[in-house]
Every structure is written in structure tokens, then in C-alpha cells.
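Colleague: I should like to learn how to read a helix and a metal site in a model. Could we take them one after the other?

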Amino acid sequence: MKLTFFGHSAFALEVGGQRILIDPFLTGNPLNTIAADQVQCDYIVVSHGHGDHVGDTVQIAQRTNALVISNHEICQWLQKQGVPRTHDMHLGGSFRFDFGTLKLTIAHHGSVLPDGTYGGNPAGLLFKTAEGNVYHAGDTALFSDMSLIGAAGLRAAILPVGDNYTMGPEDSLAAIRLLQPQLAIPCHYSTFPVIEQDITLWAQQVRQNTSAAPLVMAPGSTVEL
Ligand code: NI
Ligand code: MN
């Protein structure tokens with residue numbers, strides 16, 4: 001299982017021979033290192049409707065013919081934008097794809113789409129695969145039900161730590177204690193001044209206050225999980 005970080009909340013997860021793009025905000029992402037017209041994928045998963053998560057989904061899906069997975073409302077909107085292939089799901093639902101199972105989990109946040117269309121409820125993403133389980137929290141506040149998500153047994157938890165729009169560093173430590181992942185990977189920080197964080201300090205605090213190993217990924221980097 002390989003994970004590539006594109007800055008902000010955008011990742012590519014390669015598992016089971018499939019390449020899954022998550023929240024592909026590439027154009028306009030100051031930390032991004034790859035052009036939207038260069039990225040390759042078999043699937044795109046969108047956690048919620050905000051522009052910094054939907055990002056380049058429409059253009060990438062049209063070029064690659066990737067299957068786009070999101071909630072019902074966002075999939076309907078994507079179809080109207082000309083996305084050829086979507087798979088709609090909703091909170092609590094799991095479905096088995098080529099890469100493994102994806103479950104949409106709760107997230108406490110908003111989800112309006114860039115043109116003002118209602119985007120349903122925001123989601124977290126729980127990937128259960130033969131090579132391990134990965135949770136991408138999307139944008140969310142801390143919530144105690146994270147312990148239920150962690151019960152799946154997580155190789156990695158990808159958590160927003162930027163504060164202001166999502167949980168910040170302190171709440172992320174509580175999230176890690178609830179989720180009990182082996183690896184804690186920060187995202188949604190230092191993309192813009194309002195979510196600037198000292199990520200070295202965060203990593204130190206994860207080591208001191210949780211049983212997880214912090215994994216800070218530089219934008220453009222790939223790790224084997
Ligand atoms: Ni958001
Ligand atoms: Mn966001």
C-alpha cells in the first residue's frame with residue numbers, strides 16, 4: 001500500500017493494484033507539486049463538497065474516466081458537471097470496490113458545493129483493504145465516535161490538524177487516542193496562513209501523548225504504509 005501526499009487534504013492511495021485519488025484539490029493548492037492534467041487514477045473519492053476537496057475532480061474524471069465515489073448529493077452534482085462515472089453512497093454505508101471496501105463515516109463539518117448547491121453531509125473515509133485499513137477523516141471536528149472507527153484496526157489515520165476550519169493540533173491528539181492507529185498522518189494545515197501550524201511540534205506531541213507514530217509527509221512525497 002502506497003500513499004502520496006499532494007498538500008492540503010489531497011492524497012493518492014495505491015492498493016490492490018488500483019490508484020485512488022482522495023480530495024484532489026490540485027489547481028490553486030499552493031503546496032501541490034503535480035498538475036491536474038498529469039495525475040493518473042482509477043478512482044476519485046470526495047469527502048465533502050467544499051472547493052478545497054472537490055478541487056479538480058470534474059476535469060480529472062473526464063480525462064481519466066475514473067470512477068468517482070462520494071455521497072449522493074455530490075455525485076448528482078458531479079453528473080451534472082459532466083463526470084461520466086460516479087458511485088454514490090452515504091454515511092454508514094460500505095461497498096466493495098476493486099481496491100477493497102470503502103465506508104463513509106460521519107464528519108462534523110459543512111458540505112456546500114462551490115456553486116452553492118447543497119452537498120449533503122460531509123464524510124470521513126474508511127478504507128478496509130487486504131493490505132491494511134486507512135482512515136481519512138475529511139474535514140471534521142473531534143468526536144468521540146472516532147473510537148468506533150478505530151475499532152476496525154488502523155494502519156494509518158489521516159487527520160486534519162490545521163485548526164480554524166477543522167480540529168486543531170490539540171484535538172487531533174485526542175482523536176489519535178480514540179482511533180489508535182499505528183501511524184498518524186497530518187493534513188489540512190499550512191496550506192493558507194489561517195491554518196498555519198508548527199508540524200514538528202505536533203509530531204513531538206504525538207510521540208509524547210499517544211501510542212501512534214507521527215508520519216509527516218512533504219507535499220509530493222510517497223510512502224509505503
Ligand atoms: Ni471543508
Ligand atoms: Mn477543507
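Colleague: Against which elements do the buried residues of α3 pack?

Modeller: This is a predicted model. The contacts of the buried residues of α3 are with α1, α2 (57-64), β5 (67-71) and β6 (86-89).

Colleague: Which residues of α3 are buried?

Modeller: In general, residues three or four places apart on an α-helix point the same way, because there are 3.6 residues a turn. In α3, which spans residues 72-80, the buried ones are Glu-73, Ile-74, Cys-75, Trp-77 and Leu-78.

Colleague: Which residue caps the N-terminal end of α3, and what follows the helix?

Modeller: The cap is Asn-71, with a side-chain oxygen 3.1 Å from the backbone nitrogen of Glu-73. After α3 comes Gly-82, with a positive phi near 100 degrees.

Colleague: Turning to the metal, which residues coordinate the nickel ion (ligand 1)?

Modeller: His-48 (NE2), His-50 (ND1), His-109 (NE2) and Asp-139 (OD) do so, at 2.2 to 2.3 Å. Asp-139 also coordinates the manganese ion (ligand 2), which is 3.1 Å from the nickel ion.

Colleague: How should the geometry be read?

Modeller: The ideal angle for four tetrahedral donors is 109.5 degrees. Here the angles among the four donor atoms of the nickel ion run from 88 to 173 degrees, and the site is irregular. Along the chain, its donors are spaced as H-x1-H-x58-H-x29-D. His-48 lies in the loop between β4 (43-45) and α1 (51-54), and His-109 in the loop between β8 (100-106) and β9 (123-129), so this pair ties together parts 61 residues apart in sequence.

Colleague: Are His-48 and His-109 buried or partly exposed?

Modeller: His-48 is buried, because its relative accessibility is 0%. His-109, at 26%, counts as partly exposed.

Key: Residues numbered from 1 in each chain as written. Chains lettered and ligands numbered in written order. Predicted model: local features only at pLDDT ≥ 70, side-chain atom pairs only at ≥ 80, totals over all residues. Heavy atoms only, no water. Donors = N, O, S within 2.8 Å, 3.2 Å for Na, K, Ca; no water. Tetrahedral: all angles 85-135°; square planar, octahedral: opposite > 155°, others 65-115°. Helix = DSSP H or I, 4+ residues; strand = E, 2+ residues; numbered from the N terminus. Buried < 20%, exposed > 50% of the residue type's maximum accessible area, 1.4 Å probe, protein only. Contact = heavy atoms within 4.5 Å. Polar contact = N/O pair within 3.5 Å; in protein donor to acceptor, adjacent residues only side chain to side chain.
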